[in-house]
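The following exercises introduce a molecular structure. Each task is followed by a solution that proceeds step by step.

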Amino acid sequence: MKKLLSIFAVVAFAFSAHAGTLDDVKNRGFLKCGVTTGLAGFAAPDDNGEWAGLDADMCRAVAVAVFGDRSKVEFITTTGKSRFPTLASGEVDMLARNTTWTISRDVNLGFEFVGVNFYDGQGFMVPSALGVSSATELDGATVCIQTGTTTELNLADFFRLNGISYEALPIETNDEGKENLFAGRCDVYTTDASGLSSTRAAASNPDKWVVLPEIISKEPLGPLVRHGDHQWGDVVRWSLNAMIIAEELGITSENVDAQTSSNVPEVLRLLGVEGNYGEMLELSNDWAYQIIKQIGNYSESYEANVGPDTPLEIARGLNALWTQGGILYAPPFR
Amino acid sequence: MNEMNEVRKPPVATTGIIGWLRINLFFNWTNSLITLFVIYCLYQFIPWILDWTIFSADFKYNYLGEQITNQEMCSRNLDPENGGACWAVIYVRFYQFIYGFYPKVEVWRVNIAYAMLALALLPLLYAKLPYRKYFLYFTYIFPVIAYFLLNGGLGFTEVSTNKWGGLLVTLVLGCTGIALAFPIGIMLALGRRSKLPVISMMCTLFIEFIRGVPLITLLFFGMVMLPLFLPEGIDMDGLVRVLVAVTLFQSAYMAEVIRGGLQAIPPGQYEAAKSLGMSYWRMNLLIILPQAIRISIPPIVNTSIGLFKDTTLVIIVGILDLLGIGRGTLADTNWLGLSYEIYFFVSLVFFIFTFGMSRYSLYLEKKLKTGINMGAD
């Protein structure tokens, strides 16, 4: 299936290859952005039918960069299976669909990952009553595991490397894993750490469950565009980078107006007071200012959607700035 | 002597409620045992489900009297001892469940379309409806009106199908699929039985191909491959592509169901029609099809119900139907963990529609007396 899809994708790409996604988007008057059909914290419709989440903010940031208006975006829902054909066929201009950046997707499928907006990784969740503080103490545990995913292989590798045994309880969906863990049919549930957090938040008493500190795989999630349109790729890449740089420089949606009279050169360059970086991207010169004003910097988006104050309670961890113990790093704005 | 002539009542144990109980529930000891077991299960289950769904449930306010806006405010999350279902999530999200992301200012159009759908179904449901003929004309033009109402055009602002969702998408897919598949299925069934080899081969090939692949594959085909076959510049709407796939799928099944009905018609009927000098089309329209369709009603409704439920598969290609909206709601951090409520509600809605269809088929069978053997055998 995967191979077939990639062939579809390549064929579709060959048919739809045309220059200038940015011009297409401008002519159309709105951005088409592929998101999930619903994933807590990343993209889900709120009570008013507005899409909210870290990935939804990424889409909005690009819309703001192009149009200066956060509402000029149409969200196209895609599933794990339909996301790549949808992007390849040109039905969406970009994907922000918590997609792991891998070599095969980047190279073989003909896409271009423009950055990472969330560093995820596979983790473990256990009942706190089990009294376990590390995954290496899980010898002989029954593990709920989604079949047919990379998490299955990672799990086998991890237990073999540590010389401990486990019994797998295969499940299909996240809901099933949750039910099995809560009912005590398995001792451990393993999936991406962000998924574990939403599972934990869905429990009637979240304190009864702990997410263990071990992260056993790299899952850098980021927005992607079609291969070959570098101008458009740059627009999406720097929309993300602008949010990260804004956090580095301490610019928030609240203080962005005051910051336009800052004396830090990089702040002035980012906000379009100095230089003509917007022009280079074929955008208006205040594009980054508008992103920060209307969406906020990376930290604001993170705290509002997945941060410790939300039900998901995901600590910044790897997603903290490189200056604060994380690995979030954007190239300089100059 | 007189005593002999007196009419004696049958023994108490064989009539009335007691008799019914004895014959149906306590006929012998295995029977009695099963009855007692079922009663015990119901006794355990019914009070619990009533308590959970109604008596202890939150509808709009929690037990403190606050209006519920997220899952943490549900009674059962405030106090695990207290409260059953938290229906507030359905209350808050009702609009999305019924209309998807349809703009609120235009939603009257969907409401009118829903009302018109009911009106269009009326003459089909009640054969004794006064002025039924005129109502039927309305039923025929309803799809055209509904298209302009929902999609836009003719002075209505356009609402892209990307904004459609929930029950609206489920009904559009189900109704269009069932309604279009019926005539196409009849043509395919007749074609497969045709004596012209080209026609019969083409129909057989089509039916076997479509039946041989899963609906998901067809949906993917419609979503990804269909645009490649269309000339450059023609941008086919995502929902239309899915509709094409669903209709093709359903018509192949419908064709086989109707072919089954056609095969049950005794050859004498064909011969009689031909001996009257009827043409192929007149014979089929007047003699064969009415009988064939009549005996195929149960399987026709069966496949239609199947399709109605299969429409939930469109989530795979990223269209949010009723179930998709439910899943989307579950992904909102405000409503995490309310999966029982949401799945219960979605299944209830599906049950109402499928049960309705099933009752309608029973009514049709009774009206047309399909059980009675007919024809010349």
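**Exercise 1.** Into which domains is chain B divided?

*Solution.* The model under study is a predicted one. The assignment for chain B gives domain 1 (23-54), domain 2 (56-86) and domain 3 (88-102 + 159-368). Domain 3 of chain B is thus written as two segments, 88-102 and 159-368.

**Exercise 2.** Describe how domain 2 and domain 3 of chain B are placed and where they meet.

*Solution.* Begin with the centres: those of domain 2 and domain 3 of chain B, taken over C-alpha atoms, are 40 Å apart. Next, consider the contacts, in which nine residues of domain 2 of chain B meet ten residues of domain 3 of chain B. Finally, sort the domain 2 side of this contact by class: five residues are nonpolar, two are polar and two are charged.

**Exercise 3.** Carry out the corresponding analysis for the domains of chain A.

*Solution.* Chain A is assigned domain 1 (2-119 + 219-324) and domain 2 (122-211). The C-alpha centres of domain 1 and domain 2 of chain A are separated by 31 Å. Across the boundary, eight residues of domain 1 of chain A are in contact with six residues of domain 2 of chain A. The domain 1 side of this contact holds five nonpolar residues, one polar residue and two charged residues.

**Exercise 4.** Which elements of chain A give two or more residues to the side that touches chain B?

*Solution.* First, establish the extent of the contact: 33 residues of chain A are in contact with 27 residues of chain B. The elements of chain A that give two or more residues to this side are three helices and two strands, namely helix 1 (2-16), helix 4 (83-88), helix 8 (193-201), strand 2 (44-45) and strand 4 (73-77). Helix 1 of chain A supplies the largest share, with four residues. By class, the chain A side comprises 15 nonpolar, 13 polar and five charged residues.

**Exercise 5.** Is A:Gly233 buried or exposed?

*Solution.* Locate the residue first: A:Gly233 belongs to helix 9 of chain A, which covers residues 230-248. Then apply the cut-off, under which a residue is buried if 20 or more other C-beta atoms lie within 10 Å of its own. A:Gly233 has 23 other C-beta atoms within 10 Å, and therefore A:Gly233 is buried. Leaving aside residues up to four places away in sequence, A:Gly233 touches A:Glu112, A:Val114 and A:Val225. A:Met94 is 139 residues from A:Gly233 along the chain, yet their C-alpha atoms are separated by 9.0 Å.

Key: Residues numbered from 1 in each chain as written. Chains lettered and ligands numbered in written order. Predicted model: local features only at pLDDT ≥ 70, side-chain atom pairs only at ≥ 80, totals over all residues. Domains from an automatic or database assignment. Contact = placed C-beta atoms within 7 Å. Nonpolar A, V, L, I, M, F, W, Y, C, P; charged D, E, K, R; others polar. Buried ≥ 20, exposed ≤ 12 C-beta atoms within 10 Å, placed from the backbone.
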